[in-house]
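Reader: I would like to go through this model step by step. Please keep the answers short.

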Amino acid sequence: MKKKLIAIIAVLLVVLGNMSFVVSGQEKKKPEDLTIGFSVSTLNNPAFVYLKDQVEAIGKENKTKIIVLDAQNDAATQANNIDDFIQQKVDAIIINPVDSSAITTSVEAANKANIPVVTVDRSSEGGKVLSLIVSDNVLGGKMAAEYLIDKLGENAKIGVVEGIPGASATRERGEGFTKAAKGKLDIVSSQSANFDRAEALVVTENMLLSNPEIKGIFAQNDEEALGALEAAISAGREDVVIIGFDGAQLAVESIKNKELDATIGQRFDEMARLSLESIYKYYAGEEVESEILAPVELISQDNIKE
């Protein structure tokens with residue numbers, strides 16, 4: 001009898017070992033069994049193209065199917081992207097939100113469909129997110145202000161080219177910059193260019209025309225910084241110190257060429273890895289951190305490596 005019992009237990013263990021099973025209501029799956037949808041805010045931004053490339057590369061290494069859709073910096077398009085992913089019954093969705101408020105409805109829709117959501121670079125103001133993978137934007141904004149103080153001295157007049165008004169990155173970078181600049185820099189103009197290079201060119205042209213005393217500009221992403229640089233050069237204002245945010249390859253090359261002064265570099269490779277790692281952990285039944293901060297660093301003409 002004892003031998004029969006042992007044999008039955010052994011058979012059950014083999015059967016269970018070959019079955020998927022549920023932990024806390026969630027079926028376990030391996031990376032190669034997953035299909036993940038990735039909605040990118042815009043692929044017109046080289047930084048997000050790099051983020052997409054990294055997600056796809058890491059997915060390929062793990063034999064995970066990655067479906068990428070471009071929201072083209074439009075909240076409605078992004079909502080449609082998420083609807084498509086839900087209809088396809090993907091295993092998880094990574095969202096790089098266009099607008100942190102507008103994306104709430106889509107996150108809630110994914111929640112109802114029991115599809116885990118990871119947001120990267122920007123947050124969602126509502127709905128349940130498995131994990132937020134983001135750079136320390138407040139710290140990055142602070143670093144940008146400190147750079148301009150160091151280069152221009154206290155009380156220098158500064159312009160700020162803001163990002164998309166509804167994006168968490170805009171709010172957080174602005175918060176870090178403003179707090180560090182208070183009492184040390186004179187912010188004479190602050191206008192949105194929606195994280196867009198062409199808009200930043202026009203905004204900066206008008207800013208410099210209206211405020212010729214401006215000595216420095218903080219652009220809240222590198223696309224805006226490159227637009228601001230073009231405007232400054234066209235206006236014969238090569239003396240204006242410009243710092244961006246992202247660490248995008250084009251900005252880094254511009255810094256190497258002694259054009260753009262600096263950028264706050266984000267680790268998009270790390271954010272890609274952490275985003276997928278959070279999903280893999282979830283489907284392995286492991287604990288997932290609700291927010292993970294990726295590092296930022298100052299990249300300037302003073303410290304850049306050739």
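Author: A definition comes first: two strands pair if DSSP finds at least two bridges between them. The model discussed here is predicted.

Reader: Which residue in β12 stands opposite phenylalanine 245?
Author: Strands β11 (residues 241-246) and β12 (residues 262-266) pair over 4 bridges, in the parallel sense. Two bridges are enough for pairing. Opposite phenylalanine 245, in β12, stands isoleucine 264.

Reader: What is the strand order of the open sheet with mixed pairing?
Author: This open sheet has 6 strands, and its pairing is mixed. The order is β9-β8-β10-β11-β12-β14.

Reader: Why is one side of β9 and of β14 left without a neighbour in the sheet?
Author: β9 (185-192) and β14 (296-300) stand at the edges. One side of each has no neighbour in the sheet because each has a single partner strand.

Reader: What is the average twist from one strand to the next there?
Author: The value is an average over steps from one strand to the next. The twist comes to 20°.

Reader: At about what angle does helix α8 run to β11?
Author: Helix α8 covers residues 222-234. It lies across β8 (156-162), β10 (216-219), β11 and β12. Its angle to β11 is about 160°.

Reader: Is aspartate 246 buried or exposed?
Author: Aspartate 246 has its place in strand β11. Its relative accessible area is 2%. The cut-off for burial is under 20%, so aspartate 246 counts as buried.

Reader: Which side chain makes a polar contact of 2.6 Å with that of aspartate 246?
Author: Residues that aspartate 246 touches include Asn45, Arg173, Asn221, Thr263 and Gln266. The polar contact of 2.6 Å joins its side chain to that of glutamine 266.

Reader: Which element gives the most to the lining of the largest pocket?
Author: The largest pocket has a volume of about 320 Å³. It is lined by 16 residues, with Tyr50, Gly247, Ala248, Gln249 and Gln266 nearest its centre. Two or more lining residues come from each of α2 (46-61), α9 (249-256), β12, α10 (268-283) and β14. The most, 4 residues, come from α2.

Reader: Which strands are at the edges of the open sheet with parallel pairing?
Author: That sheet has 6 strands in the order β4-β3-β5-β6-β7-β13. Its neighbouring strands are turned by 15° against each other on average, direction ignored. The edge strands pair on one side only; they are β4 (65-70) and β13 (291-294).

Reader: Which residue is the bridge partner of valine 40 in β4?
Author: Strand β3 (residues 35-40) and β4 run parallel, joined by 6 bridges. The partner of valine 40 in β4 is aspartate 70.

Reader: What angle does the direction of helix α3 make with that of β3?
Author: Helix α3 (residues 75-87) packs on the sheet and touches β3, β4 and β5. Helix α2 lies across β3, β4, β5 (92-95) and β6 (117-120), at about 165° to β4. For α3 and β3, the angle is about 175°.

Reader: What share of the residues in the chain is buried?
Author: The chain comes to 10 helices and 14 strands. Its C-alpha trace spans about 95 × 40 × 30 Å along the principal axes. Of the 306 residues, the buried share is 49%.

How values were computed. Residues numbered from 1 in each chain as written. Predicted model: local features only at pLDDT ≥ 70, side-chain atom pairs only at ≥ 80, totals over all residues. Heavy atoms only, no water. Axes fitted to C-alpha atoms, helices over the stretch in contact; angles between N-to-C directions. Contact = heavy atoms within 4.5 Å. Buried < 20%, exposed > 50% of the residue type's maximum accessible area, 1.4 Å probe, protein only. Polar contact = N/O pair within 3.5 Å; in protein donor to acceptor, adjacent residues only side chain to side chain. 1 Å grid on protein atoms, 1.4 Å probe; cavity = no way out; pocket = protein on both sides within 12 Å on 5 of 7 lines; lining within 4 Å. Points joined across faces, edges and corners; volume = space filled by probe spheres on them. Lists of a residue's contacts leave out its neighbours within four places in sequence.
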